[in-house]
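This briefing goes with the sequence and coordinates shown below. Please read the points by topic, with the model open alongside.

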Amino acid sequence: MPINFDEINSAEGAGPAAKSGRFLATIEAAIMKQGKDTNKPMYLAVTYNLMTMDGKKAGKFWDNITEPTSDIPKFKLKRFIEACEIKGLTNFELKDLAKIVPGKTIGIDLIPDRNDPAKTVIDVFSGMIYYSPEDLKGTPSTETPEEDLLDFEKQCINGSDALDAPAKPNEY
């Protein structure tokens, strides 16, 4: 089927806007992956289902937790373990976390990336990064107001390219 490049969505409609603020994040999956540089250790790739603090679906988020070699990754890993309410770890490997964190719900702080504002990243500088359910009790909603976020799901369902939209003559 030929593609008409004039009808391809612009970058503005290509996906959800970057989110910022604190979100509830349920860990859907946590798997070990090897980066392109095979001399570096494997990392923990975490997939989250996000919800606003008032319970509205807010999409998915992906994060990587690496072997801690400096202060920031060490603090990030420590906060992740504390937020997941994992007790008694003294000597472990990241692959051990991959077995026990799926299904846990924590809070996470997100911000747009400094270098690519369309991309969302974990905010490691302004708060505690990750929050346990106990940490979140009484926390007011801090995420970007919903009207400021691109509602990608509605765009897909209601867009002219939706599966139930009538085909234009000579389009296919």
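**Glu-93 and its surroundings**

Glu-93 counts as partly exposed because its relative accessibility is 46%. The coordinates come from a predicted model, and the points below cover its overall make-up, its confidence and several individual residues.

- Glu-93 sits in the loop that links helix H1 (71-83) to helix H2 (94-100).
- Between Glu-93 and Glu-67 the C-alpha to C-alpha distance is 8.7 Å, with their positions 26 residues apart in sequence.

**Overall make-up**

- The protein contains four helices and six strands.
- Read from the N terminus, the order of elements is β-β-β-α-α-β-β-β-α-α.
- Of the 172 residues in the protein, 33% are buried.
- The exposed area of the protein is about 11700 Å², and 53% of it is supplied by carbon and sulfur atoms.
- Among contacts in the protein with a separation of 6 or more, 56% are between residues 24 or more positions apart.

**Confidence**

- The average pLDDT of the protein is 80, and 70% of the residues score at least 70.
- In residues 9-16 the pLDDT stays under 50, and the model has nine contacts for them beyond four places in sequence.
- The pLDDT is also below 50 over residues 143-172, a stretch with 32 contacts in the model beyond near neighbours in sequence.
- Predicted coordinates should not be read in detail where pLDDT is low.

**Arg-22 and its partners**

- Arg-22 is placed in strand S1 (residues 21-33).
- With a relative accessibility of 18%, Arg-22 counts as buried, because the cut-off for that class is under 20%.
- The side chain of Arg-22 is joined to that of Asp-109 by a polar contact of 2.8 Å.
- A polar contact of 2.7 Å also links the side chains of Arg-22 and Tyr-131.
- Arg-22 further lies over the face of Tyr-131, 3.9 Å from the ring centre.
- Tyr-131 is therefore involved with Arg-22 in two ways, through a side-chain polar contact and through its ring face.

**Lys-19**

- Lys-19 is placed in the segment before S1.
- The relative accessible area of Lys-19 is 12%, so this residue is buried.
- At 3.1 Å, the Lys-19 side chain reaches the backbone oxygen of Ala-58.

**Aromatic pairs**

- Two aromatic pairs are counted in the model.
- One of them is formed by Phe-80 and Tyr-130, whose ring centres are 5.3 Å apart; their planes are at 75°, so the pair is edge-to-face.
- Because Phe-80 lies in helix H1 and Tyr-130 in strand S6 (residues 130-131), this pair ties together parts that are 50 residues apart in sequence.
- Both Phe-80 and Tyr-130 are buried.

**Ser-132**

- Ser-132 is located in the loop between S6 and helix H3 (133-136).
- Ser-132 counts as buried because its relative accessibility is 6%.
- Ile-106 is 26 residues away from Ser-132 in sequence, while their C-alpha atoms are 5.2 Å apart in space.
- When neighbours within four places in sequence are left aside, Ser-132 is in contact with Glu-82, Ala-83 and Glu-85.

**Residues with positive phi**

- Most residues other than glycine have a negative phi.
- Glu-85 is not a glycine, yet its phi is positive, at about 55°.
- The position of Glu-85 is in the loop between H1 and H2, and Glu-85 is one of the residues that Ser-132 contacts.
- Glu-85 counts as partly exposed because its relative accessibility is 41%.
- Ile-129 is not a glycine either, and its phi is positive, at about 70°.
- Ile-129 belongs to the loop between strand S5 (120-122) and S6.
- The relative accessibility of Ile-129 is 0%, so Ile-129 counts as buried.

How values were computed:
Residues numbered from 1 in each chain as written. Heavy atoms only, no water. Helix = DSSP H or I, 4+ residues; strand = E, 2+ residues; numbered from the N terminus. Buried < 20%, exposed > 50% of the residue type's maximum accessible area, 1.4 Å probe, protein only. Phe/Tyr/Trp six-rings, centres within 6.5 Å; stacked < 30°, edge-to-face > 60°. Lys NZ or Arg CZ within 6 Å of the ring centre and 35° of its normal. Contact = heavy atoms within 4.5 Å. pLDDT = per-residue confidence, 0-100. Polar contact = N/O pair within 3.5 Å; in protein donor to acceptor, adjacent residues only side chain to side chain. Areas by Shrake-Rupley, 256 points an atom, 1.4 Å probe, with all protein chains shown as cover.
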